[in-house]
Amino acid sequence: MTISSFHPTPRTLMGPGPSDVSPRVLSALGRPTIGHLDPEFIGMMDEVKELLQYAFQTKNEFTIAVSAPGSAGMETCFVNLVEAGETVIVCVNGVFGMRMVENVERLGATAIVVSDEWGKPVDPKKVTQAFIDHPEAKFLAFVHAETSTGALSDAKTLCQIAQQHDALTIVDAVTSLGGVELRVDDWGIDAIYAGSQKCLSCVPGISPVSFGPRAIEKLNNRSSKIPSWFLDQTLVMGYWSGKGKRSYHHTAPVNSLYALHESLLMLQNEGLENAWARHKTQHEALKAGLKDLGIEFIVDEAHRLPQLNTVLIPDGVDDAAVRNTLLQEFNLEIGAGLGVFAGKAWRIGLMGYAARSENVALCLAALKSVLK
Ligand SMILES: *Cc1c(COP(=O)(O)O)cnc(C)c1O
């Protein structure tokens, strides 16, 4: 068999991620690869940190991009902060909360699970009760924007509860960063991770992470060695830290970081509040069009993620056949349901560069034509 260069068909990506990558970001990716300890590259890394601080709305010195996808950002937070024998309250209202439990248990720590129904936000009252029942809990972990269900939880309130009980917060912002309001410092988030390929609309494979002062203190006062070498942030700090010499830890994904730099610059140029508003506007347009098609949302209006719209598949419609036709005939990807929503829901993403009027129009027209 002769193998030739791979040229993917351009698609419109309106699923749960990766999202459409803008031409500006794709062209940044093709710039010449330089050494990862080249002074020019180090200067760019410093700008990535500064742009990430803006995106996260934080002054945290330790704000970096982990050289691996969002799942590695999740693991970075748990593996550096949580030690065997400690107790973590973990909120589970979808797939990603379940993965947090898995992370906690693999570290030999205890997960106290606060469950909410899929499609509902985390209930702050249950979290307060969990702290009353488990005063030994040192952490609260939750997913801000549950991509598996399309529900947004009240991160600000959840962080307040954790602070009242002297616990550190670990927050999954993989889908929320750049798409909905998120204020790390104002809300007092201690450790947070995100992803490059959702509302930042960068290529997949990078995970922005930020640790606040209390998380750094916990990290520096651990009684046990961090069980992962690659994700050990005390080592990674020497690679990303501002002053003095950078020490080699691993080889950064040089070109992917150019792409992240460009996507974060686009976010800064647009303005964070404007980006949040754009997601909301496009969500409203999609919602109106879906209503005309008789398609209903799963999540209550008050807790809906604008960037991830979970809708019920109409009765008698073949889930896989529709998604396949959208892909083959319209080059349009929407997401399937996950977990309890498998076969019951579609997940229509309006993330980052995909949150544009032409995408909404294409999606609505294509769905209309296929469902007819
Ligand atoms: C996508 C996602 C992840 C995992 O990110 P990967 O880049 O796929 O590893 C984690 N949490 C949430 C909420 C996500 O949407």
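**A walk from helix H9 to the ligand**

Let me begin at helix H9, which covers residues 233-240 and contains Leu235. Before I go further, please keep in mind that what you see is a predicted model.

Leu235 has a relative accessibility of 34%, and because the partly exposed class runs from 20% to 50%, this residue is counted as partly exposed. Leu235 also has company on the surface, for together with Trp229 and Phe230 it makes up a nonpolar patch whose accessible area comes to about 300 Å².

From there I would like to turn to the ligand. Which residues surround it? Going along the chain, they are Pro69, Gly70, Ser71, Phe96, Val143, Ala145, Thr147, Asp172, Val174, Thr175, Gln197 and Lys198. If we sort this shell by character, we find five nonpolar residues, five polar ones and two that are charged.

Within that shell, let me point to some individual polar contacts. Gly70 takes part through its backbone, where an N or O atom lies 2.9 Å from an oxygen atom of the ligand. Asp172, by contrast, uses its side chain, in which an N or O atom is 2.7 Å from a nitrogen atom of the ligand. Gln197 likewise contributes a side-chain N or O atom, and here the partner, at 2.7 Å, is an oxygen atom of the ligand. As for how much of the ligand is covered, it would expose 380 Å² if taken alone, and the protein buries 88% of that area.

Finally, I would like to look at the backbone in a few loops. As background, most residues other than glycine have a negative phi, and most peptide bonds are trans. Where, then, do we find a cis peptide bond? The bond from Gly17 to Pro18 is cis, with omega near 5°, and Pro18 sits in the loop that runs between strand S1 (12-14) and helix H1 (23-29).

Two residues should be mentioned for their phi values. Ser201 is not a glycine, yet its phi is positive, near 55°, and its place is in the loop between strand S9 (191-193) and strand S10 (207-211). Is Ser201 buried or exposed? Its relative accessibility is 4%, and since anything under 20% belongs to the buried class, Ser201 counts as buried.

Asn331, also a residue other than glycine, has a positive phi near 50°, and it is found in the loop between helix H12 (319-330) and strand S12 (332-336). With a relative accessible area of 26%, Asn331 is partly exposed.

Note on methods:
Residues numbered from 1 in each chain as written. Predicted model: local features only at pLDDT ≥ 70, side-chain atom pairs only at ≥ 80, totals over all residues. Heavy atoms only, no water. Near = heavy atom within 4 Å. Polar contact = N/O pair within 3.5 Å; in protein donor to acceptor, adjacent residues only side chain to side chain. Areas by Shrake-Rupley, 256 points an atom, 1.4 Å probe, with all protein chains shown as cover. Nonpolar A, V, L, I, M, F, W, Y, C, P; charged D, E, K, R; others polar. Patch = residues over 30% accessible without salt bridge, like charges linked within 9 Å, V, L, I, M, F, W, Y side chains within 5 Å. Salt bridge = Lys/Arg side-chain N within 4 Å of Asp/Glu carboxyl O. Helix = DSSP H or I, 4+ residues; strand = E, 2+ residues; numbered from the N terminus. Buried < 20%, exposed > 50% of the residue type's maximum accessible area, 1.4 Å probe, protein only.
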